[in-house]
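Got your viewer open and a selection box ready? Let's take a walk through this one, stop by stop.

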Amino acid sequence: MRVVSGIQPTGNLHLGNYLGAIRNWVRMQDEMEDANRAQAAAGGSAQGNQCLFFLADLHAISMPHVPAELRAATLEMVAALVACGIDPDRSVLFNQAQVPAHSELQWLLSGTARMGWLSRMTQFKDKSGKNREGASIALFTYPVLQAADVLLYQATHVPVGEDQKQHLELARDIAQKFNNDFASDEDPVFTLPEPYIPPEAARIMSLRDGTAKMSKSDPSDMSRINLSDDADTMMKKVKKAKTDPEPLPSEAAGLEGRPEAKNLVAIYAAFTGQDIEGVLGEFGGAGFGTFKPALGELLVETLAPMAARFNELKADRESLDAILARGAARAREIAGPTLSRAYQALGLIRG
Ligand code: TYM
């Protein structure tokens with residue numbers, strides 16, 4: 001297994017990122033460790049399974065940005081990931097900008113990706129809005145870089161939230177066409193990656209609007225819980241979360257048409273490892289005056305230790321730089337053979 005995933009270092013790590021993706025990164029890192037141990041015990045390679053996690057800083061320049069803020073946010077995001085449990089000794093943790101193979105492979109794949117495929121990407125439509133003519137080329141070709149990110153490492157599994165599913169389908173299409181056009185069936189250049197989307201937290205919604213996803217780009221900070229929020233802020237945000245006046249239902253069907261209630265119950269379920277029915281078994285009939293404080297306490301209890309670790313780590317610039325340098329060196333090494341094969345398959349001569 002080769003697990004690969006990324007996060008843009010824009011703004012804070014929020015609850016949607018954590019439940020939709022990062023929590024699974026940590027789980028997969030731990031599973032990988034167990035699998036490697038079992039393989040080593042059986043006499044095989046102890047390095048066979050690997051996780052690579054990266055800061056998608058190159059993706060972040062597809063939208064207007066302030067360079068100094070990007071630099072600071074990249075380092076903060078490293079601290080946040082380590083605080084959440086990503087261990088740079090067990091996983092390869094790096095930023096794209098230090099691994100030029102990402103940009104190189106993006107260009108090599110650009111001959112294979114089709115205009116029509118990219119034109120159908122909903123993220124481009126959403127982010128360019130009415131100003132499509134004024135959108136950057138990078139925003140349009142963004143999914144080709146994302147394909148390069150995973151194909152470069154022969155990723156088998158890509159843990160992401162639901163909003164990244166379309167980009168990963170595109171990565172598979174690009175890989176398949178490249179293999180068909182430039183390689184033999186017996187010896188393909190790229191592995192087709194599988195998205196891994198957690199069913200219980202595929203799409204965490206805004207605390208202010210249950211029909212919009214929780215997002216870093218929402219102008220209202222009250223719409224999301226950030227890892228950097230202190231306990232009082234987290235509790236305040238949960239208590240002020242938009243809800244309706246009805247008590248919670250006793251069965252999941254009763255949440256239909258109540259997106260805000262559904263979202264809060266889903267968050268509670270994701271944190272406790274219960275299903276929706278289980279949470280409603282406990283809280284069915286209760287009002288939000290009872291449920292919100294219970295949810296707030298659960299969040300604070302789970303996230304406070306990570307927030308404390310994050311605050312410690314983010315001040316240690318030297319360690320963060322060292323983590324990225326070490327991760328990037330390892331990533332460049334792993335990427336080398338696939339990048340060479342891609343050049344070769346296309347008939348490009350490299351000295
Ligand atoms: P980004 O930085 O927007 O988000 C990082 C991860 O968090 C997930 N996520 C959510 N999951 C559930 N509910 C939400 N409200 C929510 N908001 C965010 C995202 O699905 C993602 O898994 N393009 C990517 C970064 C990227 C990448 C890649 C990911 C670049 N290359 C290669 C995987 C593989 C992005 O902008 O994610």
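Which residue forms a salt bridge with Glu104? Select Arg350: the closest N and O atoms of this pair are 3.9 Å apart. Keep in mind that you are looking at a predicted model. The pair links distant parts of the chain, 246 residues apart. Arg350 sits in the segment after helix H13 (317–345), while Glu104 belongs to helix H4 (residues 101–110). Switch on a surface, and Arg350 comes out as partly exposed at 41% relative accessibility; Glu104 is partly exposed too, at 26%.

Now color by domain. Domain 1 comes in two pieces, 2–202 + 317–345, and domain 2 covers 221–313. Their centres, taken over C-alpha atoms, are 30 Å apart. For the contact, pick out 16 residues from domain 1 and 15 residues from domain 2.

Zoom in on that interface. About 1300 Å² is buried between domain 1 and domain 2, and carbon and sulfur atoms give 72% of this area. Show Asn12, Leu15 and Ala83 as sticks: together they supply 35% of the area that domain 1 buries against domain 2, more than any other three residues. Don't go hunting for salt bridges across this interface, as there are zero. What you can look for is four residue pairs in polar contact between domain 1 and domain 2.

Which helices should you select on the domain 1 side? Try H1 (15–41) and H3 (67–84), each of which supplies at least two residues that touch domain 2. H3 gives the most, with six residues. Color this side of domain 1 by residue type and you get 11 nonpolar, two polar and three charged residues.

Back to salt bridges, since the structure holds 20 of them. Select Glu194 and Arg172, where the closest N and O atoms are 3.5 Å apart. Glu194 lies in strand E5 (residues 194–196) and Arg172 in helix H8 (residues 165–182), so this bridge ties together parts that are 22 residues apart in sequence. Glu194 is partly exposed at 40% relative accessibility, and Arg172 is partly exposed at 24%.

Next, jump to Glu256 and Lys262, another salt bridge, with its closest N and O atoms 3.5 Å apart. Here Glu256 counts as exposed, because its relative accessibility is 55% and the cut-off for exposed is over 50%. Lys262 is partly exposed, at 37%.

For the last stop, select Asp221, Arg224, Asp229 and Lys237 together: they are linked in a network of salt bridges.

Terms used:
Residues are numbered from 1 along each chain as its sequence is written. This is a predicted model: local features need pLDDT of at least 70, side-chain atom pairs count only at pLDDT 80 or more; totals for chains, interfaces and linings use all residues. Side-chain values use heavy atoms; hydrogens and water are left out. Domain bounds come from an automatic or database domain assignment. Contact means heavy atoms within 4.5 Å. Buried area is the accessible area (1.4 Å probe) that two parts lose on being put together, summed over both. A salt bridge is a side-chain nitrogen of Lys or Arg within 4 Å of a carboxyl oxygen of Asp or Glu. A polar contact is a pair of N or O atoms within 3.5 Å; within protein, one must be able to donate a hydrogen and the other to accept it, and residues adjacent in sequence count only if both atoms are side-chain atoms. Helices (H or I, at least four residues) and strands (E, at least two) are DSSP runs, numbered from the N terminus. Ala, Val, Leu, Ile, Met, Phe, Trp, Tyr, Cys and Pro count as nonpolar, Asp, Glu, Lys and Arg as charged, and the others, Gly among them, as polar. Buried means under 20% relative accessible area, exposed over 50%, partly exposed in between (1.4 Å probe, protein chains only).
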